[in-house]
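Biologist: Hi! Could you walk me through this structure while I have it open?
Modeller: Happy to, just pull it up and ask away.

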Amino acid sequence: MLWRRTPSGELAFNRCPPNATGTTSRRCSLDHRGVAYWEQPSYARCIANEYRYLQQSVQGHLAKGQRNLAGDGMSQVTKVLLDLTQRRNFYAGDLLSSVEILRNVTETFKRASYEPSSDDVQNFFQIISNLLEEENREKWEDAQQIYPGSVELMQVIEEFIHIVGLGMKDFHNAYLLTGNLVASIERLPAVSVTTDITFPMKGRKGMVDWARNSEDKVVIPKGIFVPQTADTDGSSVFILGTVLYKTLGLMLPAPRNNTAVNSKVIGVTVRPEPRVTEAQLEIELAHLANGTMNPFCALWDSSIMNDSWGSWSSKGCRTVLTDASHTKCLCDRVSTFAILAQQPREIAMEYSGVPSVTLIVGCGLSCLALITLAVVYAVLWGYIRSERSTILINFCLSIICSNILILVGQTQTHNA
């Protein structure tokens, strides 16, 4: 085992299990009493051998200069990765490895000008859905100790949507339905957008139940489909991607100021970047948990300087309606949106080495009364000696001992 001292304690490093490469780490921390204990091991640096082999395969395909060979190779890679993620027995490091593989697949499709097939697109989004299973939440939190993979995953999805849209014909669209996300990709000539666009389509055939029955939606105004530069011939074409995520909010880095994501997440991307207009996106999201306070609209801002990967921000969004079940927002830009809310404050259970006054008084009075009774019986023992009196004296002594144990035990307890 290897050791490395850090400002907050010590880290113990050990090899990953036999079916993986890399190292596990475990931090030594202090509890409320100053007693050292080991935290749960981190597997963020462990990559299963199968994922490692697939990474090497991707590198081999990247070395191929031929357009078709590289594109076909990436199609095979997505099939293998889909099979691996469906097994659901991976490490936190495998999540980061999967994001890297998806990034390389996307970059290869882009450089080779390769048009992903419908199967490629479906496999790609199914992989993402597998990675975003709620059971993987702790693994994502573990992985974020070394790299914010869930944030990069959002960026990879946006880039892939753009690539798919470039290969589509005008007015065509793709609608993807999986267990943890619903996605729409549309190729729209600017002159053809005459009405606002609402997503998701609740009446869509095959719509998953959690999306069909929810109140979550985004209304994209037709007024945003204006190119950055003047287009005299009206030939501008926009690629619109919209994604409703069921669990992404749980996987992203936690917001600051004791807030939490309290809704599903909706992502909107438009390429090329639309011109800033007065038209605003209308987002309505249902609350996930009761008991939270002060819900407000937020978007993911990747330009925040104190975080290289961005963070949730309320700038650019305005909360126009909120009640116990949902919140409605107006936002002035395309981004990824969610509802944040204040978490209820937890009662601080601070350790104290001294029992409470109430406990001391109660146990003290009880012991005093019992001792007085025992003394009276001892003085009059010659007159009241009997089996019944013996039982009573023993009962009094046992209660006195139990009170003493309660007071002593209170001084030895602490929060785990």
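Biologist: Let's start with Asp-170: which residue does Asp-170 form a salt bridge with?
Modeller: The partner is Arg-187, with the closest N and O atoms 2.8 Å apart. Keep in mind that this is a predicted model.

Biologist: Where do Asp-170 and Arg-187 lie?
Modeller: Asp-170 is in the loop between H6 and strand S7 (173-177), while Arg-187 belongs to strand S8 (residues 181-189), so the pair ties together parts that are 17 residues apart in sequence.

Biologist: And is Arg-187 buried or exposed?
Modeller: Arg-187 counts as buried, at 17% relative accessibility. Asp-170 is partly exposed, with a relative accessible area of 33%.

Biologist: How many salt bridges does the count come to?
Modeller: The count comes to twelve salt bridges. One of them joins the side chains of Lys-110 and Glu-159, at 3.2 Å from N to O.

Biologist: Which parts does the pair of Lys-110 and Glu-159 tie together?
Modeller: Lys-110 sits in helix H3 (residues 92-111) and Glu-159 in helix H6, so this pair connects parts that are 49 residues apart in sequence. Lys-110 is partly exposed, with a relative accessible area of 46%, whereas Glu-159 is buried at 12%.

Biologist: What about Arg-212 and Asp-209, where do they lie?
Modeller: Both are in helix H7 (residues 209-212), three residues apart, which is about one turn of the helix. Their side chains meet in a salt bridge of 2.5 Å, N to O. Arg-212 counts as partly exposed, at 34% relative accessibility.

Biologist: Which residues do salt bridges with shared partners join into one network?
Modeller: Glu-50, Asp-83 and Arg-87 are the ones joined that way.

Biologist: Switching to cysteines: how many disulfides are there?
Modeller: The count is three disulfides. If you number the bonded cysteines in sequence order, the pairing reads 1-2, 3-5, 4-6.

Biologist: Take Cys-16 and Cys-46. Why is their disulfide called left-handed or right-handed?
Modeller: The torsion about the S-S bond is about -95°, so the disulfide of Cys-16 and Cys-46 is left-handed. Their sulfur atoms are 1.8 Å apart. Cys-16 lies in the loop between strand S2 (9-15) and strand S3 (20-21), and Cys-46 in the loop between strand S5 (36-38) and strand S6 (47-48), so the link ties together parts 30 residues apart in sequence.

Biologist: And where are Cys-297 and Cys-329?
Modeller: Cys-297 is in strand S15 and Cys-329 in strand S18 (residues 326-331), so to speak distant parts of the chain, 32 residues apart. Cys-297 and Cys-329 are both buried. The torsion about their S-S bond is about -85°, so this disulfide is left-handed.

Biologist: Which hand does the link of Cys-317 and Cys-331 have?
Modeller: That link is right-handed, with 110° about the S-S bond. Cys-317 lies in strand S17 (residues 317-322) and Cys-331 in strand S18, so the pair ties together parts that are 14 residues apart in sequence. Cys-331 is buried, with a relative accessible area of 1%, and Cys-317 counts as buried at 14%.

Biologist: Why is there no bond between Cys-363 and Cys-367?
Modeller: The sulfur of Cys-363 is 6.4 Å from the closest cysteine sulfur, in Cys-367, and that is too far for a bond. Cys-363 counts as buried at 7% relative accessibility, and Cys-367 counts as buried at 12%.

Biologist: Which residues does the "transmembrane region" annotation cover?
Modeller: According to the unreviewed UniProt entry, the annotation covers residues 359-384 and 391-409. In the model, the span 359-384 is 96% helix, with its end C-alpha atoms 34 Å apart. The span 391-409 is 100% helix, and its end C-alpha atoms lie 27 Å apart.

Biologist: Last topic: how many cavities of 30 Å³ or more does the search find?
Modeller: The search of the whole structure finds one, with a volume of about 60 Å³. H6 gives the largest share of its lining, four residues. The lining residues divide into six nonpolar, four polar and one charged.

Biologist: And how much space lies in the largest pocket?
Modeller: About 580 Å³. The pocket is lined by 27 residues, and the closest to its centre are Val-268, Glu-273, Arg-333, Val-334 and Ser-335. Its lining divides into twelve nonpolar, eight polar and seven charged residues.

Notes:
Residues are numbered from 1 along each chain as its sequence is written. This is a predicted model: local features need pLDDT of at least 70, side-chain atom pairs count only at pLDDT 80 or more; totals for chains, interfaces and linings use all residues. Side-chain values use heavy atoms; hydrogens and water are left out. UniProt positions are given in the numbering used here, feature names are shortened, and annotations may be inferred rather than shown by experiment. Helices (H or I, at least four residues) and strands (E, at least two) are DSSP runs, numbered from the N terminus. On a 1 Å grid over the protein atoms alone, a cavity is a set of points where a 1.4 Å probe fits but cannot get out, and a pocket is an open set with protein on both sides within 12 Å along at least five of seven lines; lining residues have an atom within 4 Å of a point. Grid points are joined across faces, edges and corners, and a volume is the space filled by probe spheres set on the points. Ala, Val, Leu, Ile, Met, Phe, Trp, Tyr, Cys and Pro count as nonpolar, Asp, Glu, Lys and Arg as charged, and the others, Gly among them, as polar. A salt bridge is a side-chain nitrogen of Lys or Arg within 4 Å of a carboxyl oxygen of Asp or Glu. Buried means under 20% relative accessible area, exposed over 50%, partly exposed in between (1.4 Å probe, protein chains only). A disulfide is a pair of cysteine sulfur atoms within 2.5 Å.
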